[in-house]
Amino acid sequence: MVIMIAVAGTQSSAAQPDQPEVQIAQGRLTGTIADDIRIFKGIAYALPPVGERRWRPPAPPATWQATYDAREFGASCIQPPYPANSVYFEEIAATSEDCLTLNIWAPQKADGAPVIVWIHGGALQRGTSASPMYDGSEYAKRGIVFVSINYRLGVFGWLAHPELSAESPEDISGNYGLLDQIAALTWVKNNISAFGGDAQNVTLMGESAGALSITYLLSSPRAHGLFAKAIIQSANTRAVPKLSEPAFEMPAAETFGMALGKDIGALRALDAEALMIKALQARLPAQGTVDGKVLPAQVVDIFDRGEQAKVPILAGLNSGEIRSQRLLIPPVPIDPTAYEAEIKRRYGDLAPAYLKLYPASDVPESQLAATRDAVYGWATERMVRQQAAAGQPVYSFIFDHCYAAAEERDLCNFHAGELPFTFGRVGPDKRLPANWPAPVDAADHILATMMVDYWTSFAATGVPSTKNGPPWPTYDEDHANMRFAATPVVEHGSASAMFELQEQVMIQRRCNDEQWFINVSPIKSCIQNSSRKP
């Protein structure tokens, strides 16, 4: 059945010079032009997930008769605000459940251009493609067709519930935000050629929850074939709940959902804002669900079995990730002697290796590093190693440039601190979130130019390069890693000792059916448990 809707906007007989028009399967749309870049915003890639469509997989978008006005961003997905003093605080113009839209920046004369699809971060609870940080202009200037997407967040995107599973033809629920991302990628595959993009050369790019989402997409058979490469910035690889049975010290995902309410009809009838508040009060986690189909197993198990998408990746993290996430740091004694005793209690035979990496001589700095490695470092290094072992070109990095404004606030290389550099948002004329320490110096601009060059060339050819920086070797060249300090520097094997320790910690916890993500309970001897299922 073809759905026709009337869309706000005017019917045009001819495109205006400053209002480019494009014809896609849904209909005709008009955008804007700036600096020789065509910009189209707020394009629906799925039907609005409202009313009875709340907690259902995304459905194909409607077509329209009038010319679709794609000059303004669509509404951001329903979400709670960040605290006003948070470095991540950002004014969001409007939120709605009707938020499944995407935005495109395309060179004026693009034809068969490489494509980047950006997936924003925000703990799967917050974030928007409309953030000025995520302006795709710098990539479009370099010949990329750049796409940014919204996807359902929080309770709207990640709720599993037995009544929802019963409604599903596949007997599953949850992962609606992941299904949104797959729907957006399907839309890109079907439509991006109309904007001059190459549907066979699509690179995923995401940071934080966006990077986590990419690990899900690499692991989901339903996403395979929709992208050719991936750029992964600050991913974690935690255990997530199974749909209908406990696993890794977590209740079933459906049990989490039942805690919110037993009657899905009553939950669907709730006003969106009231539902969001209810979910926050219930501490409902926003995370993937192992449902056997969309997400067939834990990400670590899928990679261990070699069932992930075999594509080239560029992946890394920031040296100071936890400086803006100090609530993640487990409490430890500050006194060096007491600290060493506590580490020996928690880590047993692994304590000497732990204390060598994270010594008692500076406990606060050691705990910043230890938490960074447990959350982001191990996950990134493991993924890099396994993708390289699968025969794929892999490029590893760490962002380690402490610019002046960040140093003043003890936020050197904080979580997401690389974003102005990977989007070219450096300089006094670049709009950033209100509390963000802005990089403005000439050296910052030079580094940002190189990083956008590396990212662009990877998306275009699979090999990151810049005329102003060193060649970037693949990871399999002696565990090569690019350190983005004041200037890029190639290192070798810098993460090896960290990985060996954190991998042993994870093996012990995983073997004993324990959550390995920020778990500081004493490590127990690994008892092989034949009943554990991936």
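Me: Is C412 buried or partly exposed in this model?
Reply: Happy to start there, with the reminder that this is a predicted model. The cut-off for buried is under 20% relative accessible area. C412 has a relative accessible area of 17%, so C412 counts as buried.

Me: Which cysteine forms a disulfide with C412?
Reply: The sulfur atoms to look at are 1.8 Å apart, and a disulfide needs them within 2.5 Å. The partner is partly exposed, with a relative accessible area of 28%. It is C402.

Me: How many residues apart in sequence are C402 and C412?
Reply: C402 lies in the loop between strand 16 (394-399) and helix 13 (404-408). C412 sits in the loop between helix 13 and helix 14 (419-422). The pair therefore ties together parts whose separation in sequence is ten residues.

Me: Which cysteine is linked to C77?
Reply: Two disulfides are counted in this structure. In the one with C77, the sulfur atoms are 2.0 Å apart, and with 90° about the S-S bond the link is right-handed. C77 belongs to strand 8 (residues 76-77), and its partner, 22 residues away, is in the loop between strand 9 (95-96) and strand 10 (101-107). That partner is C99.

Me: Is C99 buried or exposed?
Reply: Let's check both ends of the link. C77 has a relative accessible area of 3% and is buried. For C99 the relative accessibility is 1%, so C99 counts as buried.

Me: Which residue in helix 9 forms a salt bridge with R382?
Reply: R382 lies in helix 12 (residues 363-389), and helix 9 covers residues 299-304. The closest N and O atoms of the pair are 3.1 Å apart. R382 counts as buried at 7% relative accessibility, whereas its partner counts as partly exposed at 37%. The partner is D304.

Me: Which residue in helix 16 meets R382 in a salt bridge?
Reply: Here the N to O distance is 3.0 Å. The pair ties together parts that are 121 residues apart in sequence, because one partner lies in helix 16 (residues 496-511) and R382 in helix 12. Salt bridges that share partners join D301, D304, R382, R510 and this residue into one network. At 12% relative accessibility the residue counts as buried, and its name is E503.

Me: How many salt bridges are found in the whole structure?
Reply: Another example is the pair D69 and R71, at 2.8 Å from N to O. D69 is partly exposed at 26% relative accessible area, and R71 is partly exposed at 33%. Searching the whole structure gives a total of 29.

Methods: Residues are numbered from 1 along each chain as its sequence is written. This is a predicted model: local features need pLDDT of at least 70, side-chain atom pairs count only at pLDDT 80 or more; totals for chains, interfaces and linings use all residues. Side-chain values use heavy atoms; hydrogens and water are left out. A salt bridge is a side-chain nitrogen of Lys or Arg within 4 Å of a carboxyl oxygen of Asp or Glu. Buried means under 20% relative accessible area, exposed over 50%, partly exposed in between (1.4 Å probe, protein chains only). Helices (H or I, at least four residues) and strands (E, at least two) are DSSP runs, numbered from the N terminus.
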